[in-house]
Amino acid sequence: MQTKLATSVGITLDRFIKKKQNDFAFASGELSQLLRDIALAGKIIHREVNRAGLLNIGGAYGTENIQGEEQQKLDVIANIRFIRALKNGGEVCAIVSEEDDEILDLNNKDGRYIVSMDPLDGSSNIDVNVSIGTIFSIFRRVSPVGSKVTDEDVLQKGSEQVAAGYLLYGSSTMLVYTTGRGVNGFTYDPSLGEFFLSHADMRIPEDGKIYSINEGSYRSLQPKVQQYIESCKDKKYTARYIGSLVADFHRNLLKGGIYIYPSTEKAPDGKLRLNYECNALAMICEQAGGLATDGEKRILDIQPKSLHQRVPFYTGSKKMVEESMK
Ligand code: AHM
Ligand code: MG
């Protein structure tokens, strides 16, 4: 199935957000502003990613070279940029990030929202000029506004997300997000400094022919996953795996396919993080008509027990995910 092109294609992200906000009589505009802050951070990361090779900001992160210095690893820079944008925006009370061990309380007395993020996903691809991404989830805080942020605020199930999305720094930079009413994609025009609606009301094909898994770990996979891979080969499906989750996910969202990062012998819970990577993509996938599971149950129903919890991840076209779980 092709992505539908709606009549509003071409409007800027800003206008789109405003239009959506007007659909809700009591919307305060805070979530809208937060989405704008994320888009701004995305533009800054786009700039850094595109000049990384010139600025010597690829490569290893030196221990002395922390917090705002010029020669930093790009994922640390992305983390700093995002935190700054969200802190300045004022809507967020706390951030939990794949790059930080602990909850980052922004001491923002009025902030109602929590952001979970992987500021730059696809670490192994950063230095080799291959697509990378940012993944984010937005939750409403559970504890009273103005009080100290609690574990309960940051360990909410994915089903509680009020919005989720990703930025893909690929041949174009894109922002794809959902607020629980479908999925829309925006492409960045660097010459104008604006995101424009390019993929309205995105729907993932119900079935597909692409499977994305690191087959190098084939021998350490559970027999069920091995059998699923064999069945893909029997059907002469196409294998596509970049090793950047956002890029692999985005391709499958557009073309139909399945992404699997399963449990392996070495890593029984898989590699990907529930809070920073899987919840956001699970919400987007479901909103686009697909599925996301840990191989047995729905990702969005998993109660996180710790911030950096890992989970096996199966996501993509509905029929393929169902088949992989049999
Ligand atoms: P990262 O958060 O350290 O970048 O790791 C997550 C990445 C995903 O983007 C990607 O799908 C996966 O790790 C690739 O892992 P592997 O190299 O084991 O296949
Ligand atoms: Mg990651």
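A residue counts as buried when its relative accessible area is under 20%, as exposed when it is over 50%, and as partly exposed in between, using a 1.4 Å probe and the protein chains only. The views below show a predicted model, in which local features need pLDDT of at least 70 and side-chain atom pairs count only at pLDDT 80 or more, while totals for chains, interfaces and linings use all residues. Residues are numbered from 1 along each chain as its sequence is written, chains are lettered from A and ligands numbered from 1 in the order in which they are written, and side-chain values use heavy atoms, with hydrogens and water left out.

**View 1. Ligand 1 lies between domain 1 and domain 2.** Domain 1 (9–199) and domain 2 (210–324) both give residues to the shell around ligand 1, so the ligand sits between the two; the domain bounds come from an automatic or database domain assignment. The shell holds 15 residues, of which D121, S123, Y241, L245 and Y261 come nearest (a residue is near if one of its heavy atoms lies within 4 Å of the molecule). Strands β3 (113–121) and β11 (258–261) each supply at least two residues of this shell. Helices (H or I, at least four residues) and strands (E, at least two) are DSSP runs, numbered from the N terminus. By class, the shell has five nonpolar, five polar and five charged residues. Here Ala, Val, Leu, Ile, Met, Phe, Trp, Tyr, Cys and Pro count as nonpolar, Asp, Glu, Lys and Arg as charged, and the others, Gly among them, as polar.

**View 2. Backbone and side-chain atoms approach the oxygen atoms of ligand 1.** Look for G122, where a backbone N or O atom lies 2.8 Å from an oxygen atom of the ligand. A polar side-chain atom of K271 is also placed 2.8 Å from a ligand 1 oxygen atom, and for E277 the distance from a polar side-chain atom to an oxygen atom of ligand 1 is 3.1 Å. Taken alone, ligand 1 exposes 470 Å², and the protein buries 82% of that. These areas come from the Shrake-Rupley method with a 1.4 Å probe; for residues, only the protein chains shown count as cover.

**View 3. Four acidic side chains coordinate the magnesium ion (ligand 2).** The donors are E98 (OE), D118 (OD), D121 (OD) and E277 (OE), at 1.9 to 2.8 Å. Along the sequence, the donor residues are spaced E-x19-D-x2-D-x155-E. E98 and D118 link distant parts of the chain: E98 belongs to the loop between β1 (92–97) and β2 (104–105), while D118 is in strand β3, 20 residues apart. D118 has 0% relative accessibility and counts as buried. Donors are N, O and S atoms within 2.8 Å of the metal (3.2 Å for Na, K and Ca), and water is not among the atoms, so sites may look incomplete.

**View 4. Helix α8 is largely enclosed by the rest of the structure.** Nine of the 11 residues of α8 (residues 245–255) are buried. They are L245, V246, A247, D248, F249, H250, R251, N252 and L253. After the helix comes G256, with a positive phi near 95°.

**View 5. S231 in helix α7 faces a backbone oxygen.** Helix α7 spans residues 223–234 and contains S231, which is buried at a relative accessible area of 18%. A polar atom of the S231 side chain lies 2.7 Å from the backbone oxygen of Y228. An α-helix has 3.6 residues a turn, so residues three or four places apart point the same way.

**View 6. The side chains of H199 and S198 make a polar contact.** The two side chains are joined at 2.8 Å. A polar contact is a pair of N or O atoms within 3.5 Å; within protein, one must be able to donate a hydrogen and the other to accept it, and residues adjacent in sequence count only if both atoms are side-chain atoms. H199 is found in strand β8 (residues 194–199) and is buried, at 18% relative accessibility.

**View 7. N107 and N129 have positive phi values.** N107, although not a glycine, has a phi of about 50°. This residue lies in the loop between β2 and β3, exposed with a relative accessible area of 58%. For N129, phi is near 60°; its place is the loop between α5 (123–126) and β4 (132–140), and at 77% relative accessibility N129 counts as exposed.
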